[in-house]
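Dear colleague,

I am handing over the structure we spoke about, together with some notes on what was found in it. Please look at the sequence and the model first, and then read on.

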Amino acid sequence: MKIDLANPFGAYVMASVGITLLYTLGFSDLYPVLSLEMITFLIITAGTSLVLMVFYSALPVQRPALGSEAQGPGRRDLVIFSAIAACFALEFAYSGFVPLVALASGAVFDYREFGIPTFHVVLLGVSFFYTVYWASLYFETGRRGFIFLFFGGILFGLLIMNRGAIIISLLALLFMYFSNRFSLGKAMRALVIMGAVVWLFGFIGNLRFLTQEVFQEDPILKIGSASASFTESGLPNEFFWVYLYATSPLANFELTASTMSVSYNSFMEGMVVNLVPDFISKHVVDSAAEEFVRPLLITPQLTVSTAFAPAYATMGWCGPYLIYLYFAAYTLFLVVFTRNSRYRPALIAWMSAQGALLFFDNMLVFSGAVGPIFIGIFLVCKERLQRNRAARNTLLVEGRAG
């Protein structure tokens with residue numbers, strides 16, 4: 001049996017092991033030592049993921065044969081792409097600005113105010129699901145038109161400055177690449193590209209630091225308190241960007257778990273905030289009460305703290321384990337539910353990206369991450385209904401002929 005690493009459980013293992021190994025390099029004086037409880041959590045969840053990865057690889061899959069998609073993007077794909085573009089144009093008109101243009105011009109605005117309420121969440125789901133779906137068709141057919149549609153979807157994400165969904169889409173593309181053409185050499189090249197993407201997005205997201213006088217010289221070394229072991233290693237400062245962005249969330253998680261007093265009185269609110277999609281939870285939990293799920297930070301500039309730290313703040317160690325169990329159950333459902341669907345590669349690749357990014361943020365509740373999953377599930381259900389209807393019609397025709 002061939003073990004496939006390009007799946008959500010393999011992604012979780014690779015992320016947890018890779019980030020932990022990087023963390024042990026000790027390149028920042030801000031980082032606390034990993035506690036026994038933290039090491040136990042990482043071992044248990046990575047070990048469970050290894051077992052589930054074997055189950056995933058052993059599960060029989062039978063996807064329907066490609067139809068007109070084998071010839072390249074058809075009228076349906078172009079209509080969907082055009083409709084998505086028109087909907088984003090409508091949102092730009094409704095909001096009165098294009099986020100990327102506004103940012104480039106130095107305007108100050110609130111990203112949360114962009115878009116048409118509710119409509120925006122649905123549009124994100126449709127846009128980014130089809131973006132990844134077109135990438136999956138490119139790998140299945142080799143038709144370049146699909147990859148152009150993929151990058152068109154990425155362009156929409158850039159225009160609205162949705163970095164989270166863009167990163168998930170690019171990671172999903174990477175996992176599909178692994179699944180179709182995996183080799184050690186290509187894996188190393190892909191990792192280099194991943195590092196460059198992490199560095200680029202981190203740099204863009206933190207340009208504001210460069211305008212502060214205290215950070216004018218080697219800003220990232222000052223922000224992350226680079227240790228002597230790094231400054232004497234001879235590694236370029238650019239590597240510290242990657243190191244800091246890859247490992248600081250785990251440092252924030254460790255600081256929270258080792259020093260923060262848990263507010264068990266807010267257990268139920270914590271369940272809602274950490275397990276329910278944010279476009280729902282924000283209407284259930286008072287925004288003023290979000291302070292109770294805010295984890296501790298090693299420095300104010302590094303605000304990312306994994307999907308597990310906020311859960312720990314309200315539920316203790318029960319919280320991180322619940323997050324992982326939710327991820328595992330969620331993934332197992334999709335793995336089994338989509339085993340005979342043409343949308344399976346896109347959904348599995350998207351979940352693989354979510355699995356890797358749990359060590360950065362809670363992608364199980366982020367609307368830009370869960371919206372495409374909901375759209376994919378809807379399309380799988382529609383596909384099954386159409387297939388069942390076709391099967392019933394075939395039986396009726398055969399019955400009449402008999």
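In which helix does R76 lie? R76 lies in helix α3, which covers residues 75-95. Please keep in mind from the outset that this is a predicted model. As its relative accessible area is 38%, and partly exposed stands for values between 20% and 50%, R76 is counted as partly exposed. When residues up to four places away in sequence are not counted, R76 touches Y130, R342 and Y343.

To place that residue in its setting, here is the chain as a whole. The protein chain has 18 helices and zero strands, and of its 402 residues 47% are buried. Its accessible surface comes to about 19500 Å², with 65% of this belonging to carbon and sulfur atoms. If one takes the contacts between residues at least 6 apart in sequence, 77% of them join residues that are at least 24 apart.

Two of the helices were looked at along their length. Helix α1, residues 8-23, has 16 residues and reaches 22 Å from its first C-alpha to its last, which is close to the 22 Å expected at 1.5 Å a residue. The N-terminal end of α1 is capped by N7, a side-chain oxygen of which lies 2.9 Å from the backbone nitrogen of F9. The buried residues of α1 include F9, Y12, V13, I19 and Y23. For α2, the 23 residues should span 33 Å at 1.5 Å a residue, and the end C-alpha atoms are indeed 33 Å apart. Among the buried residues of α2 are M38, F41, L42, L52 and Y56.

The aromatic residues deserve a paragraph of their own. The structure holds 36 aromatic pairs, and one of them is formed by F41 and F308, whose rings are edge-to-face, with 5.0 Å from centre to centre and 70° between the planes. This pair links distant parts of the chain, since F41 belongs to helix α2 (residues 36-58) while F308 is in the loop between α14 (278-281) and α15 (309-315), 267 residues away. Both F41 and F308 are buried. Ring pairs also link F41 and F308 into a cluster with F9, Y12, F253, Y312, W317, Y321, Y324, F327 and F359. A charged side chain meets a ring elsewhere: R384 lies over the face of F337, at 4.4 Å from the ring centre.

Finally, is S367 buried or exposed? S367, which is found in helix α18 (residues 367-401), has a relative accessibility of 15%, and because buried means under 20%, S367 counts as buried. Leaving aside neighbours within four places in sequence, S367 is in contact with V121, D278, F279 and P372. The C-alpha atoms of S367 and G125 are separated by 8.1 Å, although these two residues are 242 residues apart along the chain.

With kind regards

How values were computed: Residues numbered from 1 in each chain as written. Predicted model: local features only at pLDDT ≥ 70, side-chain atom pairs only at ≥ 80, totals over all residues. Heavy atoms only, no water. Helix = DSSP H or I, 4+ residues; strand = E, 2+ residues; numbered from the N terminus. Buried < 20%, exposed > 50% of the residue type's maximum accessible area, 1.4 Å probe, protein only. Contact = heavy atoms within 4.5 Å. Areas by Shrake-Rupley, 256 points an atom, 1.4 Å probe, with all protein chains shown as cover. Phe/Tyr/Trp six-rings, centres within 6.5 Å; stacked < 30°, edge-to-face > 60°. Lys NZ or Arg CZ within 6 Å of the ring centre and 35° of its normal. Expected span 1.5 Å × (residues − 1). Polar contact = N/O pair within 3.5 Å; in protein donor to acceptor, adjacent residues only side chain to side chain.
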